[in-house]
Amino acid sequence: MHRPILVPRRRLALLSAALTLLLASLHGSVASSFVLPTTATRNGPFGIHSKLGAEVAAMETSPTSTAPEVPHIDPSALQQLVEYASSYSAANGLQVETKGGGGYVTAPISLLPQSYPKAQFEKAQTLAAPFNELVDRIGRDGDFLKETLRDVRGVDEYTGKLLEMYEEIYLGERKGMEWGKHARAADRLGIQRSDYMLHQTGTQGDEYALKQVELNTIASSFAGLAATVAKLHGFLTKRLEGELAKFLGENERAVLGSSGGGGSGAGVPVSPALTRLPAAVSVAYERYKERFCSDYSTTRPVVLFVVQPNETNTVDQRMLEFALWNEHQMPVVRMSLAQIHDAVSMDEATGRLTFDGGADEGKMEVAVVYYRAGYAPTDYPSGYNNQDGSGVEWLARERLERGSAAKCPSLGYHLAGTKKVQQELARAGAVERFFPEKGGEEKAAQLRTAFAGLFSLGDDANEQDIKAVKEVLFHEGEGQYVLKPQREGGGYNYYGKDLSDKLKENCTITDDGGTVKLSPALSEFILMERLFPPRQTAILLRNGNVEGSGLTISELGCFGAIVASGEGEIVHNEYAGFLLRTKFSGVDEGGVASGFATLSSPYLC
């Protein structure tokens, strides 16, 4: 029987290693989304989870490199920056676990922050709460989810399984209303991250709009490490202010044009992630205790972290765990889905989720379920067959979902983050459907300003969608779009010629090119407008050395936290922190080139 992990397996090693990132080409087309690696073959959160294990393994054997010359930074100042970054990372836990659990190395970071327009950063902050509310309303609208994902479920077994479970537990289909009664009454906890890129809108090259790349509703990670990177960058830019003035000024001009470079920027903001995310979990936790624990004053249930076996991004997760205890005295237990299948049981009468904590702890009860796994098919290696009991990971997911504990996310919230839902929301009237109340139109219009062009490739494809496909097939428009499947994050998207070839393989075209028929196999994809953010110089580090310097692009992620009752009352809803990811501008997300981004932070200007 699998045993839950009740305590850390080892102390964080204070290694003065620094950082990860493969040296990439400094030229080429700009990608519209990218990911920091983690442990699954999915995407990172940086989408959060892609291939950090392989990246870390490469770091351990990477040869020492000679630091290149960086424009506007003296070599001695550069060396001082690297020494500060390495020491700060070791002293403050800015690390990831090595593959196989042998130790820790400094996380992949950019040595300095990236210039970012203050107005657009603040806009992203203000969008967090309305996007949280939108996710909650979508997650409760079974008709919308079923209709939107109708084609996807036929070609994507993973999304189909999520939708099937949602129908049975929340809509009462096939198994009756009793099956999901505890889940429907349970609170819903959302820790979301909306990812944005600046997109060039003006002809002068210095006018940018904030456009959403994707909305992550499950396992939105790196909040802890990103908050630490921002503190590092705040320290470096103040400690070496004179030495860095010209470098930061040039990057400011790259973003703001002739109006930038004056040095009057607001600097690096502080991310409140490690206070606001625990605060949201605490709201759900305390509400569970009040509703379900008879001895409210002394009972201490646990927060269950659902994690991957052999996870390498443990430090980021532990940061949240430690904050939950230090600020709110909430104990965390970590288990994989397989361990949960063996250890956690549900009381059919009350919906209480419990497990044996051993001789010292006795029977333990789960108040909040927080997923840092379960977002990709690879998290369910036993398969999809629940009837014979072989699909143990899906059985564990189902058991947790049916319980009275607050889920982060619930199945509805999880499905609300799929790419197909994102594309459907871009259609006229779709967002407005979820804000029918007085003042709702203004809220919907606010959200729409962040939407990029999104196009369906399913049976519901309209004339505008087909027009986008024709631009790729007949007018060399492959550089203007990205082909994205339902999978979270990087390593699965198609760009350029690969995109064009994928469409050609799955489209039937008449002799005159006037009619294009889409194959059903394309239903699991959406076509997205490619975004073109400003390029600016960055210094990327790996293994304690400057790996490279060159033109880069960045993607801003804003965290939001929401707690809502089973009946739909929102009891907590706020912006909850940020991260910035930076990568060389010639790197596409997809294939073996995914996961080449680093953690960074914005330097507001």
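Helix H6 is followed by Gly172, a residue whose phi is positive, near 75 degrees. In this predicted model, H6 covers residues 157-170. Its 14 residues reach 20 Å from the first C-alpha to the last, close to the 20 Å expected at 1.5 Å a residue. At the start of the helix, a side-chain oxygen of Asp156 comes to within 3.2 Å of the backbone nitrogen of Tyr158. Twelve of the 14 residues of H6 are buried, so the helix is largely enclosed by the rest of the structure. Among them are Tyr158, Leu162, Leu163, Met165, Ile169 and Tyr170, together with Lys161, Glu167 and Glu168.

Glu167 offers a good place to pause within H6. Its relative accessible area is 2%, and because buried means under 20%, Glu167 counts as buried. Leaving aside neighbours within four places in sequence, Glu167 is in contact with Lys146, Arg153, Gly172, Glu173 and Arg174. Gly172, the residue with positive phi after H6, is thus met again in this list. The C-alpha atom of Glu167 is separated by 9.7 Å from that of Leu145, a residue 22 places away along the chain.

Arg174, one of the contacts of Glu167, lies in the loop between H6 and helix H7 (181-185). Although Arg174 is not a glycine, it has a positive phi of about 70 degrees. With a relative accessible area of 54%, Arg174 is exposed, whereas Glu167 is buried.

Phe222 also has a positive phi without being a glycine, at about 75 degrees. This residue is found in the loop between strand E5 (208-216) and helix H8. Phe222 is buried, with a relative accessible area of 0%, while Arg174 is exposed.

The next helix to follow is H8, which spans residues 223-239. At 1.5 Å a residue, the 17 residues of H8 should span 24 Å, and the end C-alpha atoms are indeed 24 Å apart. Of these 17 residues, 13 are buried, so H8 is largely enclosed by the rest of the structure. Part of the surroundings of H8 is helix H11 (residues 314-328), whose axis comes within 7 Å of the axis of H8. The two axes cross at roughly 90 degrees, and H8 and H11 are therefore roughly perpendicular to each other. Where they meet, Ala223, Gly224, Leu225 and Thr228 belong to H8, and Val315, Asp316 and Met319 belong to H11.

Another backbone feature appears farther along the chain. The peptide bond from Cys408 to Pro409 is cis, with omega near 5 degrees. Pro409 sits in the loop between strand E11 (406-408) and helix H14 (411-416).

The chain as a whole provides the setting for these details. It holds 18 helices and 21 strands, and 62% of its 605 residues count as buried. Among contacts between residues at least 6 apart in sequence, 75% join residues that are at least 24 apart.

Finally, a word on confidence. The mean pLDDT of the chain is 85, and 84% of its residues reach 70 or more. Over residues 1-65, however, the pLDDT is below 50, and this stretch has 286 contacts in the model beyond near neighbours in sequence. The pLDDT is also below 50 over residues 589-595, a stretch with 26 such contacts in the model.

Conventions
Residues numbered from 1 in each chain as written. Predicted model: local features only at pLDDT ≥ 70, side-chain atom pairs only at ≥ 80, totals over all residues. Heavy atoms only, no water. pLDDT = per-residue confidence, 0-100. Contact = heavy atoms within 4.5 Å. Helix = DSSP H or I, 4+ residues; strand = E, 2+ residues; numbered from the N terminus. Expected span 1.5 Å × (residues − 1). Buried < 20%, exposed > 50% of the residue type's maximum accessible area, 1.4 Å probe, protein only. Polar contact = N/O pair within 3.5 Å; in protein donor to acceptor, adjacent residues only side chain to side chain. Axes fitted to C-alpha atoms, helices over the stretch in contact; angles between N-to-C directions. Parallel < 35°, antiparallel > 145°, perpendicular 65-115°, else oblique.
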